[in-house]
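User: I would like to learn how to read a sheet. Can you walk me through this one?

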Amino acid sequence: MVAVRPRRLAWRLAEVVKVVPETPRTKSLVLEVTSWEGHKAGQHVDVRLTAEDGYQAQRSYSIASAPEDERLVLTVDRLEDGEVSPYLTDVLMKGDKLELRGPIGGYFAWEEGDGGPLFLVAGGSGVVPLMAMIRHRTAVGSDVPTRLLYSSRSYEEIIYRKEQEKLAARDGSVEVIHTLTRSRPEGWSGYHRRIDAEMLAELAWSPDENPLAFVCGPTPLVEAVGAALVDLGHDPAQVKTERFGATGG
Amino acid sequence: MDELRLDGNAAAGTLGEVFSFEVTTAEYACERCGRTDRLGGAMVYEVRELGTIVRCPSCDNALIRLAHNRGRYLVDLRGTRYLTTG
């Protein structure tokens, strides 16, 4: 499916069909958008809220659903001081409407034809656009070797954990590797530190395999991982990054 | 001032209000340091009420300044040598 972008991106209304809690801090909003033209995995939408006095706040949220999915899904991380995310995660209910525009962005996007192998690196809710890529890959029956390295603060904060476990169990060409940076459950045998150059050297595909890397998360993580991959010999043009500020929301 | 440090991807919707081409895959050349890259990889400092500034990740030069006031846009491109559509 090719995402057709209107010449001027228009704001339009989406209706909340369902709100799905993912972790204590994140929820997925399942949306009905009339005549949605489709999107590419990795793209985002802008969401706009208008207060009664006319004040408007606008933020970007990655699309979590695959282009093949019936409904558009956004997964929103609740930021304590955020202007927009607490409303989306705490107040919004089924049947409510919100304004959005999109899909937006062609840089941080992956389609089956782009090939691989894929090396996906996420910090926190940076996993959302990468999950859209994994879901797209599954939906079209692609066998592109895919490795997701995902950093979370704790086990409870891993978004889409069960879906990732199920997928990795039935599809040998998908691997999911977690690292937990703050707390870990008893008996945790996985990584328990921030993603560093040593971890990337162990887990990234060899540059000889001409991999595509997508890195999404807080700015410090994205910059450290991007620089380390280039140091390991990866082509900078094949390392795509998407950063969000810690004060977003 | 509450600043939001993001990248060119997050500003794509706002930049799309003035540019009719896909901005994240467009290539820029920085007027100051000569770096060329996709705009999607550039840094954006979003100063919320005043507008959006897109900066070069190598030298911090302001590539694009976009201000929005009373339904009008002001676009300052003096930090960009050229833009090529993707």
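User: Which residue stands opposite A:R48 in β6(A)?

Analyst: Start with the general idea. Strands of a sheet pair through backbone hydrogen bonds, either parallel or antiparallel. Now the case here, in a predicted model. A:R48 faces A:E99 across the pairing with β6(A). The strands involved are β3 (residues 44-50) and β6 (residues 97-104) of chain A. They pair in the antiparallel sense, over four bridges.

User: How many bridges join β3(A) to β4(A)?

Analyst: Seven, and these two strands also run antiparallel. Take A:V45 as an example: its bridge partner in β4(A) is A:Y61.

User: What lies between the strands in the hairpin of β3(A) and β4(A)?

Analyst: Five residues. Check the backbone there: A:G54 takes a positive phi near 95°.

User: In what order do the strands form the sheet?

Analyst: Read across chain A: β4-β3-β6-β1-β2-β5. That is six strands in an open sheet, with antiparallel pairing. The edges are β4 (56-62) and β5 (72-77) of chain A, each pairing on one side only. From one strand to the next, the twist averages 40°.

User: How do side chains sit in a regular strand?

Analyst: As a general rule, they alternate between the two faces of the sheet.

Conventions:
Residues are numbered from 1 along each chain as its sequence is written. Chains are lettered from A and ligands numbered from 1 in the order in which they are written. This is a predicted model: local features need pLDDT of at least 70, side-chain atom pairs count only at pLDDT 80 or more; totals for chains, interfaces and linings use all residues. Two strands pair if DSSP finds at least two bridges between them. Axes are lines fitted to C-alpha atoms, for helices over the stretch in contact, and angles run from 0 to 180 degrees between N-to-C directions.
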